[in-house]
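Work through the following exercises with the sequence and the structure side by side. Each exercise sets a task, and a worked solution follows it step by step.

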Amino acid sequence: MIGLLGELTDSLRRFLERLGAITRFFGQVLWQSPAVLLRFRLVVEQVYNTGALSLVIIMTCGLFVGMVLGLQGHDLLQRFGSEEALGTGAALSLLKELGPVVTALLFAGRAGTALASELGLMRATDQLSAMEVMAVDPMRRVVVPRFLGGVIAMPLLTAIFIAVALFGVQLVGVQLLGVDQGSFWSQMRGAVELADVNEGLIKGVTFGIACSLIAVFEGYNAEPTAEGVGRATTRTVVISAVVTLVLDYILTALML
Amino acid sequence: MRQSRAIDVSTGLFVLLGFAAILFLVTQITNREFSLRSDSYRLVAQYENIGGLKAGAPISMAGVTIGRVESIGYDMNLFKAIVTLRIDARYDAIPNDSDASIYTAGLLGGQYVGITPGNSEDAYRDGDSVEFVQDAIVLENLISKYLFSQAGKDKESAAPAAQE
C-alpha cells in the first residue's frame, strides 16, 4: 500500500517536473523566436521539412476522410430524407473538429517524429554539444527554427486538409450518390460562417504550437542513446495525440 | 545552391497551396461575399420576433436573392429586433410600401427575408424603414394555438359525444 502510494507520488512528481521543464523550454523558445525570424532562411527550410514534405500524406488522408464522411453522412441523413444537408454537416464537422484534429495527429506522426528523432540523434551523437563548443547556440540554430517551421506549416496543412476533404465529400456525395450539387453547396454556404473557419484555423495554430513544442522538447532532451532516441520519438507521438485531444476540448468549450 | 533553390520552390508551392485553401474556405463555403461592386443601400425593419434569422441571411424577392441581412440588433426602447437589410443597388425600384417577411427555406432550412412588392409609386431609398413586416413563424406558437383551438372544439363536442 505504502509502496503504491510512493510510486504514485513519484510519478506525479515526475509529471510535474516535465511539465515545468517544458514550460521553461517554451519560454526559452519564445524568447529566441524574434531573433530567429530575422534569419528567415532557416525557418523556410523547416517549413519545407515539416510542411511541404507532409503534403502528400495530408492530402491523401484528407481525401479519404472526406470520402468516408460523405458516405457515412449520406447514409445517416438519408434516414431523415435530408441528404442535401450533407454539405453543411461535412463542412462544419471538418472545419471545427476533424480537420484540425486529424491534421495534428498526422502532423505529430509525420513531422513530429522526424523532428524528435533528428534532434535526439543530434543529442546522441554530440552534435548539439559540438555546436555549443563552437559558440553556436543550438537553441537558436536548431531548435527554434524547427519549432517555428512547424507552427507556420500546421495551419496551412489544416486548411489544405479541409479543402481536399471537402472535395472528397463532394466526390462521393454529389458525383457518386447523387445529392443535388446546387443545394449541397448553397446549404453549406448558408450555414457556415466566417467564425467557423476561424475556429478551425485557431485550432490549427494552437495544435501546431503544441505538437512542434513537444517534438522539439522531447528530441532536445532525449537520452543520448539509441534507446533514448526511440523513446523520445514514441513519447512525442503519444503526448502530442493526448495534448491535441485535451486542447481540442478546451478550445471547443471556449469558442462554442 | 541548386538544392536550396528546389527547396524554396516547393516551400513556396506549399505556402501558396495553403493560402489558396484558406481563401477557398473563406470565400467558397461561407456566405460572405467579396464582391468588388459593393454598391448597395440599406433598409431597416423592426420585428417582434425574428426566429432564427442570422446576419448574412439572404433577402429574396420572388426567389431571387437581392441582398443580405447586414446586422441584427435589439432596441431596448421598442422591445423589438432591429434588422438592417442591405440590398444591391441594382434593385433600386422596390415600391416603398413593400413588405419584408421572415420565411423559412424548406422544412429545416435557414431563415431568410422575403420581400413582396407593394403598389406605391415611390421606391425605397437608403435608410428607409420598412413599414409592413411579418414576424418569423415560431413552430411552438403554431402548435399551441392549434392545440388550444382543438381543446375548445373538444369541449363543444363533448356533450353530444357523451349521449351516443
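**Exercise 1. Burial and overall make-up**

What percentage of the 164 residues in chain B is made up of buried residues? Find this share, and then describe the make-up of both chains.

Solution. Keep in mind throughout that this is a predicted model. Begin with the cut-off, by which a residue is buried if 20 or more other C-beta atoms lie within 10 Å of its own. With this cut-off, buried residues come to 21% of the 164 residues in chain B, while in chain A they come to 48% of 256 residues.

Next, take the secondary structure of each chain in turn. Chain A has 9 helices and 0 strands, and its elements, starting from the N terminus, read α-α-α-α-α-α-α-α-α. The C-alpha atoms of chain A fill a box of roughly 65 × 55 × 30 Å along the principal axes. Chain B, by contrast, contains 2 helices and 8 strands, which follow the pattern α-β-β-β-β-β-β-β-β-α along the sequence.

Finally, consider how chain B is divided. The domain assignment gives domain 1 (1-30) and domain 2 (40-143) for chain B, and the C-alpha centres of these two domains of chain B lie 41 Å apart.

**Exercise 2. Three helix contacts in chain A**

Describe how helix α4 of chain A packs against α8, α6 and α7 of chain A, giving angles, distances and handedness where you can.

Solution. Start with α4 (residues 86-124) and α8 (residues 194-220) of chain A, whose axes are 8 Å apart and make an angle of about 20 degrees. Angles under 35 degrees count as roughly parallel, and therefore α4(A) and α8(A) are roughly parallel to each other. The crossing of α4(A) and α8(A) is right-handed, and sorting the residues of this contact by class gives 16 nonpolar, 8 polar and 7 charged.

Now turn to α4(A) and α6(A), whose axes come within 7 Å and cross at roughly 145 degrees. The crossing of α4(A) and α6(A) is right-handed, and the residues of the contact between α4(A) and α6(A) divide into 20 nonpolar, 5 polar and 1 charged.

For the last pair, α4(A) packs against α7(A) (residues 181-191) at an angle of about 50 degrees, with the axes 7 Å apart. That angle makes α4(A) oblique to α7(A), and the crossing of α4(A) and α7(A) is again right-handed.

**Exercise 3. The sheet of chain B**

Work out the strand order of the sheet in chain B, and then follow strand β2 to its partners.

Solution. First, write down the order of this open sheet of 8 strands, which is β7-β1-β4-β3-β2-β6-β5-β8 (chain B), with mixed pairing. At the edges stand β7 (129-130) and β8 (133-134) of chain B, each with a single partner strand, so one side of each has no neighbour in the sheet.

Then look at β2 (residues 58-61) of chain B, which runs antiparallel to β3 (residues 64-75) of chain B and is joined to it by 4 bridges. Met61(B) has Val64(B) as its bridge partner in β3(B). The two strands β2(B) and β3(B) form a hairpin with 2 residues between them, and in its turn Ala62(B) has a positive phi of about 55 degrees.

On to the pairing of β2(B) with β6 (residues 111-116) of chain B, which is parallel and takes in 2 bridges. In β6(B), Ile59(B) has the bridge partner Val113(B), and Ser60(B) has the bridge partner Gly114(B).

**Exercise 4. Positive phi in two loops**

Locate Ala135(A) and Phe79(B), and decide for each of them: is the residue buried or exposed?

Solution. As background, most residues other than glycine have a negative phi. Ala135(A) is not a glycine, and yet its phi is positive, at about 60 degrees. Ala135(A) sits in the loop between α5 (127-133) and α6 (138-176) of chain A.

Phe79(B), which is not a glycine either, has a positive phi of about 55 degrees, and its place is in the loop between β3 and β4 (80-88) of chain B.

To judge exposure, use the cut-off of 12 or fewer other C-beta atoms within 10 Å. Ala135(A) has 6 such atoms and is therefore exposed, and Phe79(B), with 9 other C-beta atoms within 10 Å, is exposed as well.

Notes
Residues are numbered from 1 along each chain as its sequence is written. Chains are lettered from A and ligands numbered from 1 in the order in which they are written. This is a predicted model: local features need pLDDT of at least 70, side-chain atom pairs count only at pLDDT 80 or more; totals for chains, interfaces and linings use all residues. Domain bounds come from an automatic or database domain assignment. Axes are lines fitted to C-alpha atoms, for helices over the stretch in contact, and angles run from 0 to 180 degrees between N-to-C directions. Angles under 35 degrees count as roughly parallel, over 145 as roughly antiparallel, 65 to 115 as roughly perpendicular and the rest as oblique. A crossing is left-handed if the near helix is turned anticlockwise from the far one by less than a right angle, and right-handed if clockwise. Ala, Val, Leu, Ile, Met, Phe, Trp, Tyr, Cys and Pro count as nonpolar, Asp, Glu, Lys and Arg as charged, and the others, Gly among them, as polar. Two strands pair if DSSP finds at least two bridges between them.
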